[in-house]
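Work through the exercises below with the model open. Try each task before reading its solution.

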Amino acid sequence: MNNFSLEHQNYINQIKKNRRKVMSARILILVAIFAFWEIAGDIGLIDPFLTSTPSRMWKSLVKIYSEGTLFKHILITCGETVLGFILSTILGTIIATLLWWSDFASDVLDPYLVVLNALPKVALAPIIIFWVGNGVKAIVLVTLLICIVTTILGILNGFRSVDKDKIKLLKTFGATKFQILRYLIIPANFPTLISVLKINVGLSWVGVIMGEFLVAKDGLGFLIIFGGQVSQLDMVMMSILILSILAFFMYQIVAILEKRLVQGSSRKD
């Protein structure tokens with residue numbers, strides 16, 4: 001028993017050691033990229049005006065922070081992104097469930113979903129602005145349109161891929177469709193739901209930035225488009241870097257949710 005415990009502890013320690021190695025390698029790569037970027041700009045290997053440099057981005061960050069608007073832009077973009085992400089996930093999941101429930105509705109609407117998925121959503125942005133006005137509603141609606149079809153298709157395909165023999169087995173025991181959905185379809189599609197959430201993290205940021213390009217007067221998307229218009233590319237690169245960091249943290253939240261769901265399902269098993 002002691003040998004087993006010792007081997008288990010060694011195994012855990014090895015996993016932690018490997019994780020530290022991976023994290024250290026990631027940090028070193030990131031530091032090396034920024035160091036090369038800065039040096040390349042200093043020696044003229046790249047044009048700092050066009051590509052900026054870490055030091056120039058830092059100066060731009062300090063300038064915007066001193067103006068007192070930095071966190072305002074970040075919070076506005078984060079709020080719009082989270083709202084669009086949540087709405088598209090919830091509505092997309094509900095619609096996918098209804099389509100799974102009704103084979104007739106699914107067969108009728110399937111080609112429309114394919115067309116909507118292929119349609120460039122930004123083409124609808126001018127119409128959306130006329131519908132809901134020039135503001136947060138338009139930005140969130142653009143985000144919703146970009147994310148929701150992908151959510152519907154992803155979850156619906158996951159529901160359809162559940163083993164048909166298991167569904168037949170539950171039916172032979174008298175299970176209702178709701179019971180099949182609750183006890184088989186949804187639990188079997190936790191990985192699908194997590195995959196959709198991860199996809200929506202990226203799509204929601206894309207949708208919000210596209211919306212802010214068109215209608216916003218605040219937010220990181222506004223800073224990017226404004227910086228391009230006034231040739232302040234340091235501001236543009238700084239805003240893109242902040243977006244990358246925020247998207248990473250949002251992705252990590254989904255990853256933590258995934259880990260907890262996996263742990264919860266393993267305990268039930």
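**Exercise 1.** Find the helix content and the end-to-end distance of residues 180–199.

Solution. Start with the secondary structure: residues 180–199 are 95% helix and 0% strand. Helices are DSSP runs of H or I with at least four residues, strands are runs of E with at least two, and both are numbered from the N terminus. Next, take the end C-alpha atoms: they are 27 Å apart. Now turn to residues 27–50: this span is 79% helix and 0% strand, with its end C-alpha atoms 26 Å apart. Finally, check the record: an unreviewed UniProt entry lists both 180–199 and 27–50 under "transmembrane region". Such annotations may be inferred rather than shown by experiment.

The model is predicted: local features need pLDDT of at least 70, side-chain atom pairs count only at pLDDT 80 or more, and totals for chains, interfaces and linings use all residues. Residues are numbered from 1 along each chain as its sequence is written, and side-chain values use heavy atoms, leaving out hydrogens and water.

**Exercise 2.** Place Ser-106: is it buried or exposed?

Solution. First locate Ser-106 in helix H5, residues 103–118. Its relative accessible area is 5%, so Ser-106 is buried. The cut-offs are under 20% for buried, over 50% for exposed and partly exposed in between, with a 1.4 Å probe and protein chains only. Then list contacts, meaning heavy atoms within 4.5 Å. Ser-106 touches Leu-99, Leu-156 and Arg-160, leaving aside residues up to four places away in sequence.

**Exercise 3.** How far apart do the C-alpha centres of domain 1 and domain 2 lie?

Solution. Set the bounds: domain 1 is 1–46 and domain 2 is 56–266. These bounds come from an automatic or database domain assignment. The two C-alpha centres lie 30 Å apart.
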